[in-house]
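Please open the model in your viewer with the backbone drawn as a cartoon, and keep the sequence panel at hand for making selections.

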Amino acid sequence: MSPTRTRVSRLALRPTIGIDIGGTKVAAGVVDPEGTIIDRTRRETPSKNKSARVVEDTIADIVGELGARHHVLGVGIGAAGFVDGTQSSVLFAPHLAWRNEPLRDALQRRIGLPVVVDNDANAALWAECRFGAAQGESHVVCVNLGTGIGGAVVLDGVLHRGRFGVAGEFGHMVVVPGGHRCECGNRGCWEQYASGNVLVREARELVANGSPVAYRIAETCEGDPSRITGPMVSALAAQGDPAALELLEDIGHWLGVGLANLAAAFDPGLFVIGGGVSDVGDLLLDPARTTFRRTLTGRGFRPEAGVVRASLGNDAGLIGAADLARRSSSRRRDRAKLVTTRLLLPRRRDVAGNGTPVRRARRTAGGTGTAIDPVAPRRANGTWRRSVP
């Protein structure tokens, strides 16, 4: 083996750091090439009234701690917010003071390692496609149900960020014109009917109005609606409480409505449902699947996407961010071996209706999409097959 090939192979085996920045916590881990977290740490998320510099300090502190114990290749950051198409700047983050913040360049100067920045939902879906519930699927839509709703899309094996990097904001699709006011300023957004906030809002309303059907919820919160949390309601539903189950069924119904709309737009082979609300499993997904089938355009005359729960849980964001950092760092050293970033090629249709790539000169994507390498189904032993260019 040539010295160059040996050097590249050894670099590819080095771990990377993944950092998932949420509204309340910053979770970080050192991740190996197989997607296994070999070390981890966490911090509290700095308040949104803190300066951008304070958030950078937190990230630098994390990298310093983990980097002292591991020889890492690069750092990937998954942020809850809008990230531009070059994966370098955070345009807007609702829980942080980032506004057009050139995060990648600022951090690279401080920590001396390659840095990749992406939306947290993009990072989570990347992890599920590479190592989790979506392995082997080339067309996947991820929906993360937390405080709100986040999302991401993989089409033809390419992670799509949109023209300006802010694709996947499914939570702000309007599903009920003139409905509940959303924090974004509009009314009737999807996340006002199918999210963790909705679960809490509806449970609190039942208790505040003295509804007899919510007596167990009232007992659990000791009559104080402000003490009701999403995990509290989910736990009661798991115990069979009728009111809690009804609330989850309502959210599942609206989840199914939104999934049918997304199926009409993207025609995926699989929906992956993540986020804290999905922890209840089929108590949420069964009513979602039922409504999805009833609402799906052309139902009965078209293939139906599967709806499954994400398998990597709360670790998906940091695992995906770490893997994106690995591929970006490796691309700098050996562009052809480990990653392909490209625009979608024009496609022609065969008799079966499946897309067939049209060969043409390659172009640089400019951050528009990152291809899962490869996109073909797995072999029997669970490894990916390399696609033929």
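The tour below goes through the sheets and the helices of this predicted model.

Begin by selecting the five strands that form an open sheet of mixed pairing, which follow one another in the order E3-E2-E1-E4-E8. Strand E3 (37-44) and strand E8 (115-119) stand at the edges, and because each has a single partner strand, one side of each is left without a neighbour in the sheet. If you look along this sheet, neighbouring strands are turned by 15° against each other on average, with direction ignored.

Next, keep E8 in view and add strand E4, residues 75-79, which runs parallel to E8 and is joined to it by five bridges. Within this pair, select Gly 78 and you will find it opposite Asp 118 of E8. Helix H3, residues 103-111, can now be added: it packs on the sheet, where it touches E4 and E8, and its direction makes about 145° with that of E8.

Now select helix H2, residues 52-67, which lies across strand E1 (16-21), strand E2 (25-31), E3 and E4, and which runs at about 150° to E3.

For the last stop, which strands make up the open sheet whose pairing is antiparallel? Three strands form it, in the order E5-E6-E7, and its edge strands are E5 (82-83) and E7 (99-101), each of which pairs on one side only. Zoom in on E5 and strand E6, residues 90-92, which pair in the antiparallel sense over two bridges, and select Val 83 to find its bridge partner in E6, Val 90.

Terms used
Residues numbered from 1 in each chain as written. Predicted model: local features only at pLDDT ≥ 70, side-chain atom pairs only at ≥ 80, totals over all residues. Heavy atoms only, no water. Pairing = 2+ DSSP bridges. Helix = DSSP H or I, 4+ residues; strand = E, 2+ residues; numbered from the N terminus. Axes fitted to C-alpha atoms, helices over the stretch in contact; angles between N-to-C directions. Contact = heavy atoms within 4.5 Å.
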